[in-house]
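The exercises below concern the structure shown next. Each sets a task and then works through a solution step by step.

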Amino acid sequence: MRLLFFTIFFTGMFFNLTAQNRKSVELNLLDPLLSENGIKITKIEEWESVRRPEILEMVKKLMYGISPEAPHELKIIVFDQSENALKGKAIRKQVAVYIPGKTDYHLLDLLIYLPKNIKPAPVFLGLNFQGNHAVNSDPKIRLSDKWVWIGAGGSIKNHPTEKSRGAVSSRWPIEMILEKGYGVATVYAGDLDPDYFDDFKNGIHALYPELQNREDNFSTMGAWAWGLSRCMDYFETDEDIDSEKIAVLGFSRMGKAAIWAGAKDQRFGMVISNESGGGGAALSKRKVGEDLARLNNGNKHWFSKKFKEFNLNEEKLPFDQHMVLSLIAPRPVYIASAEGDPGSDPEGEFLSAKLASPIYNLFGIEAFTTTQFPEINQPILKKGMGYHIRSGTHDITKYDWEQFLKFADLNWK
């Protein structure tokens, strides 16, 4: 990969990027350390009390939409537990989470694998695309009865079958993760909200109709992120899990949700975005790959109604994704890209992390302040921030997971 050189000028923020065989791009981005009243933030206390709340409120109103408050209580049922799962290599738990009421609402099923020799264990948590049963061929995993997209492995008429088991197991190398001393937890995104537009009538949106008739409505991305926080609610009650070391992770659209969950909920100890692209880690104002018109017109349910006003009008955005990433600081964040995935805009994903680095600097973390865009398959692993661009296409692979595990070791061990 050719090196990407750039200079940064904080005068509203202008960035000139040049790369061989690539046109120069000039962006007008706000300085995340400049408050709305024009005061430069120079102290951690100022960031936490003034600027971070400003940015959080702005992206809620304009992009992700508002979300319900956390339920006062959750009803938890551990409906399966095995001390000898995966041929004796793991502890398996399956947990049904309900919102209590006159009729309990079945919110989600959480599948958990933990290493047998580590208690409490750090855990990677992520949403999956096709149902918990699809992440591993373990026959004890409850087969989802929810709608799945037409291309889901083994599905018939948008519903899983026994042939669906392990359909995306290559994206979840569970045994390798366990061997490194980490647990894995996953939830089917469709438990929370099916990934199609129905004007927010299904999924958990049906519980909160009052949050829809407004410009900053409760979106699908908001629902997915909100559900990840409910998993954290459970982790705080499970003595086998180290709730202070939960890495929220996502690939593609689930990477967008992981970023928002980690930005909003500071209980997550690490955030990992794998090829999340537009609306995720990539800078919107570059208009590379998944621009806002494509993002919002193709997936009308993902973000708030208000966000659509910026279609073909990205320059009017009063923020960009580097500011969303800045909300994660000082917790470690890892961004991953792929050479054969131009739609996710690898350079824009890297730049977003680099431009969030000044906030990490406030906390005494170097991050990517002086780091240049890396060569392919040459990961950058630092305390607080990591990045790689690998060979290959849009996917999450064993290589990606190997870097995530190294990053977790660096920051947590």
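## Exercise 1. The largest pocket

In this predicted model, the largest pocket has a volume of about 310 Å³.

**Task.** Determine which residues are closest to the centre of the largest pocket, and describe its lining by class.

**Solution.**
Step 1. The lining comprises 19 residues, of which Phe 129, Trp 149, Asp 195, Arg 253 and Met 254 are the closest to the centre.
Step 2. At least two lining residues are supplied by each of α4 (189-192) and α6 (253-264).
Step 3. Sorted by class, the lining holds ten nonpolar, five polar and four charged residues.

## Exercise 2. The second largest pocket

**Task.** State which helix gives the most to the lining of the second largest pocket.

**Solution.**
Step 1. The second largest pocket encloses about 240 Å³.
Step 2. Its lining is made up of 13 residues, and those closest to the centre are Lys 60, Ser 67, Pro 68, Trp 226 and Lys 264.
Step 3. Helix α5 (residues 220-235) gives the most to this lining, with four residues.
Step 4. The classes divide into five nonpolar, three polar and five charged residues.

## Exercise 3. The cavities

**Task.** Establish how many cavities of 30 Å³ or more there are, and characterise the lining of the largest cavity and of the second largest cavity.

**Solution.**
Step 1. Rolling a probe the size of a water molecule over the atoms reveals where empty space remains.
Step 2. The count is two cavities of 30 Å³ or more.
Step 3. The largest cavity has about 100 Å³ of space. Among its lining residues are Leu 127, Asn 128, Phe 129, Arg 171, Trp 172, Met 254 and Trp 401.
Step 4. Strands β7 and β9 are the elements that give two or more residues to the lining of the largest cavity; the largest share, three residues, comes from β9.
Step 5. By class, the lining of the largest cavity has nine nonpolar, two polar and one charged residues.
Step 6. The second largest cavity has about 60 Å³ of space, and its lining includes Gly 278, Ala 282, Lys 287, Glu 290, Asp 291 and Asp 345. Here the classes are four nonpolar, two polar and four charged residues.

## Exercise 4. The sheet and its edges

**Task.** Give the strand order of the ten-stranded sheet, and explain why one side of β4 and of β12 is left without a neighbour in the sheet.

**Solution.**
Step 1. The sheet is open, its pairing is mixed, and the order is β4-β5-β6-β8-β7-β9-β10-β11-β13-β12.
Step 2. β4 (75-84) and β12 (380-382) are at the edges with a single partner strand each, so one side of each lacks a neighbour in the sheet.
Step 3. From one strand to the next, the twist averages 15°.
Step 4. Six bridges pair strand β11 (residues 333-338) with strand β13 (residues 385-390) in the parallel sense; Ile 335 has Tyr 387 in β13 as its bridge partner.
Step 5. Helix α10 (residues 398-412) packs on the sheet, where it touches β7 (121-128), β9 (241-251), β10 (270-274), β11, β12 and β13, and its direction makes about 165° with that of β13.
Step 6. Helix α9 (residues 346-362) lies across β11, β12 and β13, and runs at about 165° to β11.

## Exercise 5. Strand β8

**Task.** Describe how β8 is paired, and determine whether the residues on its two sides are buried or exposed.

**Solution.**
Step 1. Strand β6 (residues 105-115) runs antiparallel to β8 and is joined to it by four bridges. Leu 111 stands opposite Thr 186 in β8.
Step 2. β7 pairs with β8 in the parallel sense over six bridges, with Val 123 opposite Gly 183 in β8.
Step 3. In a regular strand, side chains alternate between the two faces of the sheet.
Step 4. In β8, Gly 183, Ala 185 and Val 187 point one way, Val 184, Thr 186 and Tyr 188 point the other way, and all are buried.
Step 5. Strand β8 (residues 183-188) is accordingly mostly covered, with six of its six residues buried.

## Exercise 6. Phe 307

**Task.** Locate Phe 307, and decide whether Phe 307 is buried or exposed.

**Solution.**
Step 1. Phe 307 is placed in the loop between α7 (292-298) and α8 (321-326).
Step 2. The relative accessible area of Phe 307 is 0%. Buried means under 20%, so Phe 307 is buried.
Step 3. Apart from neighbours within four places in sequence, Phe 307 is in contact with Leu 62, Met 63, Leu 292, Leu 295, Asn 296, Leu 317 and Phe 319.

Notes: Residues numbered from 1 in each chain as written. Predicted model: local features only at pLDDT ≥ 70, side-chain atom pairs only at ≥ 80, totals over all residues. Heavy atoms only, no water. Pairing = 2+ DSSP bridges. Axes fitted to C-alpha atoms, helices over the stretch in contact; angles between N-to-C directions. Contact = heavy atoms within 4.5 Å. 1 Å grid on protein atoms, 1.4 Å probe; cavity = no way out; pocket = protein on both sides within 12 Å on 5 of 7 lines; lining within 4 Å. Points joined across faces, edges and corners; volume = space filled by probe spheres on them. Nonpolar A, V, L, I, M, F, W, Y, C, P; charged D, E, K, R; others polar. Buried < 20%, exposed > 50% of the residue type's maximum accessible area, 1.4 Å probe, protein only.
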